[in-house]
Amino acid sequence: MPVDTGIKFTGATSELKALAIQEYAEWDEYNEAHSQGFRGAYKAGHVVMLPKVDHGLEGEFVKILEWSMPSENEVTVRIEGNGWTTLDLRVPGDSVACALLDESDENFLATFTTANGKIKATRECRNMPSDK
């Protein structure tokens, strides 16, 4: 299990909870390679979020409260704060869905939700069909 993140890991079953931990570890590894100097923030259980996307591209680090796997190719991430818009939540959803998409899977869904669960956005990343 990732250490010292403070993130609650859950799943629809005990197997999916274990998968949630594994998928977060994969996301953590992805950030190791692509975080561009923000590694400390990711280790603290944060995710880069664009606050109010229409206001520009300044990033803000937002705490992940819960990382959950409702099904094998789907993650739900509950984040700190309730002032986000659906558009705000789409940005990290795209990043997580595509980072966790396995080559053998058709698609992967990532839903980001506010702390109170009232606002959410689901993003899907799909593998392109191969010509065989």
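A disulfide is a pair of cysteine sulfur atoms within 2.5 Å, and in this predicted model Cys98 and Cys125 form one, with their sulfur atoms 2.2 Å apart. The chain that holds this disulfide has three helices and six strands, which follow one another along the sequence in the pattern β-α-α-β-β-β-α-β-β. Of its 132 residues, 39% count as buried, and among the contacts in the chain with a separation of 6 or more, 53% are between residues 24 or more positions apart. The points below take up the disulfide, the aromatic rings, the nonpolar core, helix H3 and two residues of the strands E5 and E6.

**The disulfide**

- A search of the whole structure finds one disulfide, and its partners, Cys98 and Cys125, have sulfur atoms 2.2 Å apart.
- Cys98 lies in helix H3, residues 86–100, and Cys125 lies in strand E6, residues 120–126, so the pair ties together parts of the chain that are 27 residues apart in sequence.
- The torsion about the S-S bond of Cys98 and Cys125 is about 105°, and the disulfide is therefore right-handed.
- The two cysteines differ in their exposure: Cys98 is partly exposed, with a relative accessible area of 44%, whereas Cys125, at 11% relative accessibility, counts as buried, the cut-off for buried being under 20%.

**The aromatic rings**

- A pair of aromatic rings is described by the distance of the centres and the angle of the planes.
- The whole structure, when searched, yields two aromatic pairs.
- One of them is formed by Phe9 and Tyr24, which meet edge-to-face, at 5.5 Å centre to centre and with 70° between the planes.
- Because Phe9 lies in strand E1 (residues 8–11) and Tyr24 in helix H1 (residues 14–34), this pair ties together parts that are 15 residues apart in sequence.
- Phe9 and Tyr24 are both buried.
- Tyr24 also forms an edge-to-face pair with Trp67, at 5.1 Å centre to centre and with 85° between the planes.
- Since Tyr24 belongs to helix H1 and Trp67 to strand E3 (residues 60–71), the pair ties together parts that are 43 residues apart in sequence.
- Trp67 is buried, as is Tyr24, and the ring pairs link Phe9, Tyr24 and Trp67 into a cluster.

**The nonpolar core**

- In soluble globular proteins, nonpolar side chains tend to be buried together.
- The largest nonpolar core here has 26 residues, and those with the most contacts inside it are Tyr24, Trp67, Met69, Val75, Val77, Ile79 and Val96.
- At least two residues of this core come from each of H1, E3, strand E4 (74–79), H3, E5 and E6, and H1 gives the most, with six residues.
- Val75, one of the residues with the most contacts inside the core, touches Trp67, Ser68, Met69, Pro70, Val96, Phe108, Leu109, Ala110 and Thr111, when residues up to four places away in sequence are not counted.

**Helix H3**

- For the 15 residues of H3, a rise of 1.5 Å a residue gives an expected span of 21 Å, and this agrees with the end C-alpha atoms, which are 21 Å apart.
- The buried residues of H3 are Asp88, Leu89, Pro92, Gly93, Val96, Ala97 and Leu100.
- An α-helix has 3.6 residues a turn, so residues three or four places apart point the same way.

**Residues of strands E5 and E6**

- Asn107 is placed in strand E5, which covers residues 107–113, and its side chain is joined to that of Glu124 by a polar contact of 2.5 Å.
- With residues up to four places away in sequence left out, Asn107 touches Asn73, Leu101, Glu124, Cys125 and Arg126, and Cys125 is also a partner in the disulfide with Cys98.
- Thr122 is found in strand E6 and, at 42% relative accessibility, counts as partly exposed.
- Apart from its neighbours within four places in sequence, Thr122 is in contact with Leu109, Ala110 and Thr111, and its side chain makes a polar contact of 2.6 Å with the side chain of Thr111.
- Thr122 and Leu109 are 13 residues apart along the chain, and their C-alpha atoms are separated by 6.7 Å.

Key:
Residues are numbered from 1 along each chain as its sequence is written. This is a predicted model: local features need pLDDT of at least 70, side-chain atom pairs count only at pLDDT 80 or more; totals for chains, interfaces and linings use all residues. Side-chain values use heavy atoms; hydrogens and water are left out. Helices (H or I, at least four residues) and strands (E, at least two) are DSSP runs, numbered from the N terminus. A polar contact is a pair of N or O atoms within 3.5 Å; within protein, one must be able to donate a hydrogen and the other to accept it, and residues adjacent in sequence count only if both atoms are side-chain atoms. Contact means heavy atoms within 4.5 Å. Rings of Phe, Tyr and Trp (its six-membered ring) pair if their centres lie within 6.5 Å; planes under 30 degrees apart count as stacked, over 60 as edge-to-face and the rest as tilted. Buried means under 20% relative accessible area, exposed over 50%, partly exposed in between (1.4 Å probe, protein chains only). A nonpolar core is a set of buried Ala, Val, Leu, Ile, Met, Phe, Trp, Tyr and Cys residues joined through side-chain atoms within 4.5 Å. The expected span of a helix is 1.5 Å times one less than its number of residues.
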